[in-house]
Amino acid sequence: ADFLAIARPPLPSRNFAAMGCSMSKKAAAGAIQPTIMTQAAPAQPNVLAKPEPVNAAEFKEKLAAPTPQPAAAPAQAPAKKGCPCGCDGCSPCSCPAGCSKCSSGCHCALPAAPLQVKALTYNLQWWSLYGERKGNDGSATTIIEAAMPDVMGLQECEDVTKVMIEGGLSANYTAVQGPHALAAAFKTATWELVGEGHEVVAVDETEQFFSSRSVMWLRLVHKESKKAVFFVNHHGPLRINSGGRHGGPATAEKIVQVIHCNTHPGDGVIMVGTFNAQVGSQTVRELEGYLPRTHTGIANDGIDHFFSQLEMIGEENLGSGGSDHDALLATFVV
């Protein structure tokens, strides 16, 4: 089938210091086979283990490392002299870029165009938009269909399959249902899923308690260029700006720990979500020590964010589509 939905129940929080980073990896390399799991989710803890701080320099160095490349194909024999464009084996090639005669008569490799990735974050306000208003005639999915991002992170999304079907997106996207109403989807034809997982990183304060809070992540490899994107989706704890029961610095450290333990050298990290933390909060300031904040929405004075070490070359507010949050689109260069 063109459309795949992966359902995952929440997992209890894990202590990376005691168990090691490898314990949190779902698939380090190679395509993974989607499965559907329907068993009841275990109860979430109210107290999380204190995270071990991640060295910011090591974190940034890992992401800046060259991406390992597959073994090169055997070298082709150089072109014969008298090539239509006059080059001799294309080393160096003096032919103009994009010359059709050169590409057919020589073996020079023209530099690949930069890979642009469109990422979307959207809080669907499920209880209202899909609970009370029954989807509001597809008002939210109309926005997604018009944008057609490479990858999207949805918050307050209790049934991503419903969203994909309602929006006519089933033929183009693989969807992953995460814990705590998190969900993500990516273009099936363009990207290969080689790893995925989630971790509990926070718990709401008792004064405004709804649930524990998680991050979910997908490691995606671009099928043509083989470049990797590590996509993270998060819905942060309440109260706003509190960082939850354990505070902003602890919540941010747990998020960073999940990223550090599951990325590969050279991965392009794109983190999105409703963080329930505004610019200047302890959570956001701590995260900015590891990943630049590239864009922020306007809902609730700015609690929806993008974080990435990649260059952002465009951003757009797509409107609310009936939610109390706006759908935000950003384009990155990998």
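**Exercise 1.** How many nonpolar, polar and charged residues are in the lining of the largest pocket?

*Solution.* Start with the source: this is a predicted model, in which local features need pLDDT of at least 70 and side-chain atom pairs count only at pLDDT 80 or more, while totals for chains, interfaces and linings use all residues. Residues are numbered from 1 along each chain as its sequence is written, and side-chain values use heavy atoms, with hydrogens and water left out.

Step 1. A pocket is an open set of points, on a 1 Å grid over the protein atoms alone, where a 1.4 Å probe fits, with protein on both sides within 12 Å along at least five of seven lines; lining residues have an atom within 4 Å of a point.

Step 2. The largest pocket has 19 lining residues, and Trp 127, Glu 156, Phe 210, Arg 213 and His 235 lie nearest its centre.

Step 3. Sort the lining by class: seven residues are nonpolar, eight polar and four charged. Here Ala, Val, Leu, Ile, Met, Phe, Trp, Tyr, Cys and Pro count as nonpolar, Asp, Glu, Lys and Arg as charged, and the others, Gly among them, as polar.

**Exercise 2.** Describe the surroundings of strand β4.

*Solution.* Step 1. Helices (H or I, at least four residues) and strands (E, at least two) are DSSP runs, numbered from the N terminus. The chain has eight helices and 13 strands.

Step 2. Buried means under 20% relative accessible area, exposed over 50%, and partly exposed in between (1.4 Å probe, protein chains only). In β4 (residues 173–177), five of the five residues are buried, so the strand is largely enclosed by the rest of the structure.

Step 3. In a regular strand the side chains alternate between the two faces of the sheet. From β4, Tyr 173, Ala 175 and Gln 177 point one way, and Thr 174 and Val 176 point the other way.

Step 4. Two strands pair if DSSP finds at least two bridges between them. β4 pairs with β5 (residues 183–187) in the antiparallel sense over five bridges, and Gln 177 has Ala 183 as its bridge partner in β5. The hairpin has five residues between these strands, and His 180 takes a positive phi near 55 degrees.

**Exercise 3.** Which strands stand at the edges of the six-stranded sheet?

*Solution.* Step 1. The order of this open sheet is β6-β7-β8-β9-β11-β10, with mixed pairing.

Step 2. β6 (191–203) and β10 (293–296) stand at the edges; each has a single partner strand, so one side of each is left without a neighbour in the sheet.

Step 3. Within the sheet, β8 (residues 228–235) and β9 (residues 268–274) pair in the parallel sense over seven bridges. One bridge joins His 234 to Gly 273 in β9.

**Exercise 4.** Where does Thr 141 lie, and which residues does Thr 141 touch?

*Solution.* Step 1. Thr 141 lies in helix α5. The buried residues of α5 (residues 139–147) are Ser 139, Ala 140, Thr 141, Ile 143, Ile 144 and Ala 147.

Step 2. Thr 141 has a relative accessible area of 2% and is therefore buried.

Step 3. Contact means heavy atoms within 4.5 Å. Not counting residues up to four places away in sequence, Thr 141 touches Tyr 130, Val 163, Glu 166 and Gly 167.

Step 4. Thr 141 and Glu 166 are 25 residues apart along the chain, yet their C-alpha atoms are separated by 6.9 Å.
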